[in-house]
Amino acid sequence: GFAEVGFARPDTTEATPGLMRWLALGRHGEMDYMAKHAPLRADPAALQPGTMSIISARLPYWPQATEAEAVLADGTLAYVSRYALGRDYHKTIRNRLQKLADRMQQEIGTFSYRAFSDSAPVMEVEFARQAGTAWRGKHTLSLTRGGSWHFLGELYTSLPLPPDAPIDAHCGTCTACIDACPTQAIVAPYEVD
């Protein structure tokens, strides 16, 4: 039921320095939990002891923008963000990850795991990059050739799964997200304040 699934090692060594710099600059604003839980983000085994591999899953959400564009163009109407439409994505992703884990256990036997969907301090974009399912865009969101209209979920497992090849960023010289940011919060490529 996912658009794409890939495997990554529980290695945050490339992403942790950027996170720590972002926190040191105070760019997390009033999101104190980001600083409080930084050690957990940097150490997957602290969230799930024995983690040897991470299964990164991507699920798109409502990609058609025609209705939204019409509503957003009319200053007298309001529109709910696309990701908030439909069922709570936290439950949807975790339920699908649980089904994946159940099916895997039927096939290979018992292993330890924990499912996450924006529900704990997880470096989900980094694991999606390592698993080859998305790259980090200059707006810091996960991005594919189809855009950033997707949810990510992770299954931390005790299985020694072979990692997929990481994906390289494909933003090139594009600055569309930076130019379009209504609050100028993207202060530089890959840096949000």
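# A walk through the model

Start with the whole chain on screen. With 193 residues, a compact globule would have a radius of gyration near 16 Å, and the protein has 18 Å, which agrees. What you are looking at is a predicted model. Its C-alpha atoms fill a box of roughly 55 × 35 × 30 Å along the principal axes.

Switch to cartoon view and you'll find eight helices and eight strands. Colour by burial next: buried residues make up 38% of the 193 residues. Now put a surface on. The accessible surface comes to about 10,900 Å², and 54% of that belongs to carbon and sulfur atoms. If you like contact maps, here is one number to keep in mind: among contacts with a separation of 6 or more, 72% join residues 24 or more positions apart.

## Stop 1: helix 7

Select residues 124-131, which form helix 7. How many of its eight residues are buried? Seven of them are, so the helix is largely enclosed by the rest of the structure. Show the side chains of V125, E126, F127, A128, R129, Q130 and A131 to see the buried set.

What do these buried residues pack against? Bring up strand 1 (4-8), helix 4 (44-47), strand 2 (53-60), strand 4 (135-136), strand 5 and strand 6, and you have the elements they pack against.

Before leaving, step just past the end of helix 7 to G132, where phi is positive, at about 80 degrees. Then go back to the loop between strand 3 (113-116) and helix 7, and pick out D118. D118 also has a positive phi, near 55 degrees, and D118 is a residue other than glycine. With a relative accessible area of 44%, D118 is partly exposed.

## Stop 2: T144

Next, select T144, in the loop between strand 5 (142-143) and strand 6 (150-157). Is this residue, T144, buried or exposed? Its relative accessibility is 13%, so T144 counts as buried, the cut-off being under 20%. To see what surrounds T144, show R58, T133, A134, W135 and H150, which T144 touches when residues up to four places away in sequence are not counted.

## Stop 3: F2

Keep R58 on screen and jump to the start of the chain. F2 lies in the segment before strand 1. At 19% relative accessibility, F2 counts as buried. Leaving aside neighbours within four places in sequence, F2 is in contact with R58 as well as A57, L59, I93, R96 and L97. For a sense of distance, draw a line from F2 to R82: they are 80 residues apart in sequence and 18 Å apart in space, C-alpha to C-alpha.

## Stop 4: T110

Where does T110 sit? Look in the loop between helix 6 (89-108) and strand 3. At 76% relative accessibility, T110 counts as exposed. Try another line here, from T110 to G86: these two are 24 residues apart in sequence, and their C-alpha atoms are 33 Å apart in space.

## Stop 5: the second largest pocket

Which residues line the second largest pocket? Select H139, C177, A180, C181, P182, T183, A185 and I186. Rolling a probe the size of a water molecule over the atoms shows where empty space is left. The second largest pocket has a volume of about 170 Å³. Colour its lining by class and you get six nonpolar, two polar and no charged residues.

Stay with T183, one of the lining residues. T183 is found in the loop between helix 8 (176-180) and strand 7 (186-188). With a relative accessible area of 57%, T183 is exposed. Measure across to D193 if you like: T183 and D193 are ten residues apart in sequence and 9.9 Å apart in space, C-alpha to C-alpha.

Last pick: Q184, also in the loop between helix 8 and strand 7. Q184 is exposed as well, with a relative accessible area of 56%. Check the backbone too, since Q184 has a positive phi of about 55 degrees although Q184 is not a glycine.

Notes: Residues numbered from 1 in each chain as written. Predicted model: local features only at pLDDT ≥ 70, side-chain atom pairs only at ≥ 80, totals over all residues. Heavy atoms only, no water. Helix = DSSP H or I, 4+ residues; strand = E, 2+ residues; numbered from the N terminus. Buried < 20%, exposed > 50% of the residue type's maximum accessible area, 1.4 Å probe, protein only. Contact = heavy atoms within 4.5 Å. 1 Å grid on protein atoms, 1.4 Å probe; cavity = no way out; pocket = protein on both sides within 12 Å on 5 of 7 lines; lining within 4 Å. Points joined across faces, edges and corners; volume = space filled by probe spheres on them. Nonpolar A, V, L, I, M, F, W, Y, C, P; charged D, E, K, R; others polar. Rg over C-alpha atoms; globule rule 2.2 N^0.38 Å. Areas by Shrake-Rupley, 256 points an atom, 1.4 Å probe, with all protein chains shown as cover.
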